[in-house]
Amino acid sequence: MSGNSMIARFLIGLSFVIHPALAVSEEESKCHTVQGPDSDTNPGENKERFEYRITVADKLRLSAASAGAEWLETEGLLLRARVEADSDSWGTALQLVQKACRQAELALQQAEYESKAWKNRVVD
Amino acid sequence: MTNTIKVKTKLSGDVAQIKSLLLHPMETGSRKDPDSGAIIPAHHITQLIFTNNGKQVMVANFSTAVSKNPYFGFSFKGAKAGDTLNVSWVDNIGEKGELETSLK
Amino acid sequence: MQFTKRALMKGSFAMLALAALPRFLLAAAWPEKAFSAPGMSASLKELFGTDVTTTTDKITLKVPEIAENGAVVPVSIKTSLENVESISIVVEKNPRPMVANFEIPSGTLADISSRIKMAETSDVTAVVKTSDGLYSTAKQVKVTIGGCGG
Amino acid sequence: MIRAITIGLIILFASMVFQSAYAGPPEDRRAFIAYFESRFPAIPFAEYANGIYAIDQDARDQWLEIEEFPPYEFAVEQGASLWQERFPDGKSYSDCFKNSKNGVRQNYPEFDTRTGEVVTLAKAINLCRNKHGQNTLEFGGEKILALSAFIAFESRGEPFNINVPNDDVRALAAYEEGKRFYYTKRGQLNLSCADCHVVSVGQYVRADHLSASLGHPTHFPVYRSKFGSMLSLHQRFAGCVRDVRAKPFELQSTEYRALEYFLTYMSNGLEVNGPGARK
């Protein structure tokens with residue numbers, strides 16, 4: 001890895017920087033995609049929809065955690081989602097859940113891939 | 001309790017080399033508490049004074065921009081083994097520290 | 001480079017704690033105005049009555065080129081100038097540029113070292129007051145934002 | 001003739017497979033050291049104990065200035081007085097750490113064949129306290145850091161001598177777990193310890209040079225200028241894990257203890273030079 005690409009990796013920061021072969025496609029994803037703010041909201045059903053999705057996301061997060069692969073911000077995103085939901089900001093809440101859910105999914109994929117891949121990096 | 005002052009002295013002829021390390025937070029007064037968000041008030045050493053056998057050999061005046069747990073080193077002439085070196089500091093809220101040692 | 005137990009222990013055994021005595025009665029007052037002045041020129045004027053200094057190569061200022069950590073920048077100053085009365089460290093870009101001032105009575109060598117905080121990349125200036133005026137020398141120290149650190 | 005060659009090849013091949021499949025700790029360590037030696041031919045082995053200051057001259061000069069009178073001396077002093085305290089049963093720490101005259105830092109982490117656990121120095125301090133009816137000190141807290149600093153100080157100059165007993169499969173499993181942790185990419189940045197500290201060693205991360213893994217544990221605990229306080233190796237691990245944007249593990253967790261076991265074994269032969277001073 002060159003110095004520049006190393007720096008680039010750090011600068012990318014908050015975006016997903018998982019190897020392309022690892023990315024979970026939208027079709028495979030267990031997470032619901034939110035198209036934009038409020039596009040997915042529907043008075044009366046918001047609460048139910050939110051609770052379902054946050055449960056899915058949190059389960060994925062816990063699976064990632066038990067694989068020792070949980071990402072730094074995932075739990076925080078879910079906590080923020082809960083705060084938004086409590087103040088009826090359903091659009092924002094669902095977006096945060098989606099982001100956390102995708103993070104958890106990618107973390108799990110990462111753990112699965114790494115369960116074998118790490119061996120290829122051992123200095124020998 | 002740990003003294004807030006540590007001193008190392010070295011005599012070469014009649015020159016005493018003094019190195020000192022002080023235990024002090026040296027708060028600038030512009031830092032915020034990460035939890036409460038409240039500004040942490042300035043708390044810093046203002047003067048550090050060295051006397052040798054009662055004669056003042058150094059007065060160091062510090063602002064908040066001297067590093068946390070300050071280090072200060074200097075040398076003076078006319079010293080001999082057995083001289084009494086006194087080191088003392090005072091800070092902006094009136095706290096003090098003092099240490100006395102003999103040169104060797 | 002070895003840091004031996006012996007070298008350090010020697011230092012720690014040299015200490016002896018005593019009850020506090022009011023040594024501060026002996027010293028001149030802490031120059032509060034110079035330390036709270038917001039600009040380099042103002043802080044020099046507060047302390048010395050003027051901000052005019054003569055640059056000289058007779059002051060040796062040792063600072064790093066790039067600070068490892070802006071919170072702890074080692075600074076050493078010594079000078080071959082005669083009749084030195086005080087040495088000051090000034091960091092131009094600090095919110096309050098006057099960092100420290102050391103009063104040098106006769107018999108004390110004009111040779112000091114300390115560690116200072118720097119808010120950003122700036123010139124560090126050593127100002128030496130002698131019986132015939134103010135002298136200075138300056139060097140730039142780069143302060144960077146670390147990656148991970150240590 | 002052909003048969004002899006075939007058999008010879010089979011034996012050769014089998015031994016290669018055997019070797020790579022069963023590369024044990026000593027082989028790992030030799031390869032690890034050889035890697036850094038080929039990356040930095042000018043740096044003598046012993047220098048790796050100085051961490052980043054082995055490869056960054058400007059930073060080294062500043063570090064040496066700090067070492068003129070390092071702020072960790074307050075922690076060493078505090079640790080020395082804690083070490084001398086007597087427990088209510090009349091015993092003290094020196095009763096738990098048998099060969100403490102030559103220091104003990106160099107022997108930790110130690111694999112306890114009785115419990116099957118990796119025991120780090122911090123763990124050993126608390127085990128000692130518990131054995132003599134004392135409460136458990138908070139990991140990463142001031143007291144345990146002061147004791148660790150004092151113990152490291154008393155052990156200076158002793159070469160690390162971590163043992164992975166080859167007659168205990170659990171010891172090898174713990175070592176392997178640490179090794180796996182070390183090479184596993186994690187977090188949003190998808191980086192392993194080795195990505196930064198082996199593959200990209202010496203390169204910049206923003207304004208910092210990446211230090212070599214060889215020698216990483218020798219100087220802990222350290223006084224970090226950034227925090228103005230002492231920091232344990234596990235707190236540093238947590239910092240790195242956070243830096244790659246993964247959720248850190250608990251201090252003294254099985255994961256970090258295994259990692260410390262592996263990493264310190266890699267540094268066998270380097271001298272204890274803790275406590276250290278870092279930016």
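**How chains B and C meet**

Trainee: How many bridges join strand S5 of chain B to S7(C)?
Mentor: Strand S5 covers residues 71-76 of chain B and runs antiparallel to S7(C). Strands here are DSSP runs (E, at least two residues) and helices are runs of H or I (at least four residues), numbered from the N terminus; two strands pair if DSSP finds at least two bridges between them. The number joining S5(B) to S7(C) is four.

Trainee: What kind of model is this?
Mentor: Residues are numbered from 1 along each chain as its sequence is written, chains are lettered from A and ligands numbered from 1 in the order written, and side-chain values use heavy atoms, without hydrogens and water. Local features need pLDDT of at least 70, side-chain atom pairs count only at pLDDT 80 or more, and totals for chains, interfaces and linings use all residues, as this is a predicted model.

Trainee: Which residue is the bridge partner of B:Phe74?
Mentor: Look along S7(C), where the partner lies. It is C:Ile112.

Trainee: Which strands are the edges of the open sheet?
Mentor: The sheet has six antiparallel strands in the order S1(B)-S2(B)-S5(B)-S7(C)-S4(C)-S2(C). An edge strand pairs on one side only. That picks out S1 (5-12) of chain B and S2 (59-62) of chain C.

Trainee: What is the average twist from one strand to the next?
Mentor: Axes are lines fitted to C-alpha atoms (for helices, over the stretch in contact), and angles run from 0 to 180 degrees between N-to-C directions. On that basis, the twist averages 10°.

Trainee: Which residue stands opposite B:Ala60?
Mentor: Here we turn to another pairing, strand S4 (residues 55-62) of chain B with S6(C), joined antiparallel by four bridges. Opposite B:Ala60, in S6(C), stands C:Phe102.

Trainee: How much area do chain C and chain B bury between them?
Mentor: Buried area is the accessible area (1.4 Å probe) that two parts lose on being put together, summed over both. Of the total, 54% is on carbon and sulfur atoms. Together the two chains bury about 3600 Å².

Trainee: Which element gives the largest share of the side of chain C that touches chain B?
Mentor: Contact means heavy atoms within 4.5 Å, and it takes 44 residues from chain C and 45 residues from chain B. Elements giving two or more residues on the chain C side are H1 (5-13), S6 (98-103) and S7 (108-116). The largest share, eight residues, comes from S7(C).
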